[in-house]
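Okay, thanks for coming, everyone. I'll put the structure up and then just talk you through what can be read from it.

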Amino acid sequence: MADLIECPACKKTVSSAADSCPHCGQPIRKRKCRSVKGGFISIIAGLLLCIIMFMVSESPDGVSVPPGVYLGVIFLIAGIVSACICFTSPSR
């Protein structure tokens with residue numbers, strides 16, 4: 001069972017398990033961002049996919065881009081966006 005604590009804003013009694021004070025709405029616990037790990041994994045996967053696709057590419061003209069590189073770039077961009085959203089979102 002959760003303990004009772006005092007709200008820092010309104011000084012009323014609140015459960016320590018509450019996300020915010022039911023009286024005034026003051027955040028009690030900070031919300032953890034879970035997308036950072038997935039964002040970094042996506043960035044690493046995108047970089048590795050791009051590198052591997054360029055290494056195994058056997059284009060006769062030497063200038064065409066293998067299709068796997070586009071997928072790697074998509075993973076890379078998705079990872080960067082995911083990590084940025086987590087770092088810039090306000091914590092409660």
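Let me begin at one spot: Ala78 is partly exposed, with a relative accessible area of 40%. On that scale, buried is under 20% relative accessible area, exposed is over 50%, and partly exposed is in between, using a 1.4 Å probe and protein chains only. Ala78 sits in helix α2. Its C-alpha is 9.7 Å from the C-alpha of Phe40, and the two residues are 38 apart in sequence.

Quick housekeeping. This is a predicted model, so local features need pLDDT of at least 70 and side-chain atom pairs count only at pLDDT 80 or more, while totals for chains, interfaces and linings use all residues. Residues are numbered from 1 along each chain as its sequence is written, and side-chain values use heavy atoms, with hydrogens and water left out.

Now the overall layout. What order do the elements come in, from the N terminus on? They run β-β-α-α, which gives two helices and two strands in the protein chain. Helices here are DSSP runs of H or I with at least four residues, strands are runs of E with at least two, and both are numbered from the N terminus.

The chain has 92 residues, and buried ones make up 18% of them. Its accessible surface comes to about 6,900 Å², with 66% of that belonging to carbon and sulfur atoms. Those areas come from the Shrake-Rupley method with a 1.4 Å probe, and for residues, only the protein chains shown count as cover. As for contacts, meaning heavy atoms within 4.5 Å, take the ones between residues at least 6 apart in sequence: 34% of them join residues at least 24 apart.

Let's go to the strand end. Lys11 is in the loop between β1 (4-6) and β2 (13-15). Its phi is near 65°, a positive value in a residue other than glycine. For background, most residues other than glycine have a negative phi.

Next, the cysteines. How many disulfides does the structure hold? Zero, where a disulfide is a pair of cysteine sulfur atoms within 2.5 Å. Cys10 is in no disulfide, and its nearest cysteine sulfur, on Cys21, is 3.7 Å away. Cys21 is likewise in no disulfide, with the sulfur of Cys10 as its nearest, at 3.7 Å. Is each of these two buried or partly exposed? Cys10 is partly exposed at 25% relative accessible area, whereas Cys21 is buried at 2%.

Moving along, Pro22 is in the loop between β2 and α1. Pro22 is exposed, with a relative accessible area of 65%. From Pro22 to Cys7 is 9.6 Å, C-alpha to C-alpha, with their positions 15 residues apart in sequence.

On to helix α1, residues 35-56. Which residues form the nonpolar patch on the surface? They are Ile44, Leu47, Leu48, Ile51, Ile52, Met55 and Val56, with about 700 Å² of accessible area together. Patch residues have over 30% relative accessible area and no salt bridge; like charges are joined within 9 Å, and nonpolar side chains (Val, Leu, Ile, Met, Phe, Trp, Tyr) within 5 Å. A salt bridge, in turn, is a side-chain nitrogen of Lys or Arg within 4 Å of a carboxyl oxygen of Asp or Glu. Val56 counts as exposed, at 54% relative accessibility.

Phe54 is in helix α1 too, and is partly exposed at 49%. Leaving aside residues up to four places away in sequence, Phe54 touches Pro66 and Val69. Phe54 and Pro67 are 13 residues apart in sequence and 9.9 Å apart in space, C-alpha to C-alpha.

Last stop: Leu71, in helix α2 (residues 67-88). Leu71 is partly exposed, with a relative accessible area of 44%. Its C-alpha is 8.0 Å from that of Cys50, 21 residues away in sequence.

That's my tour, thanks.
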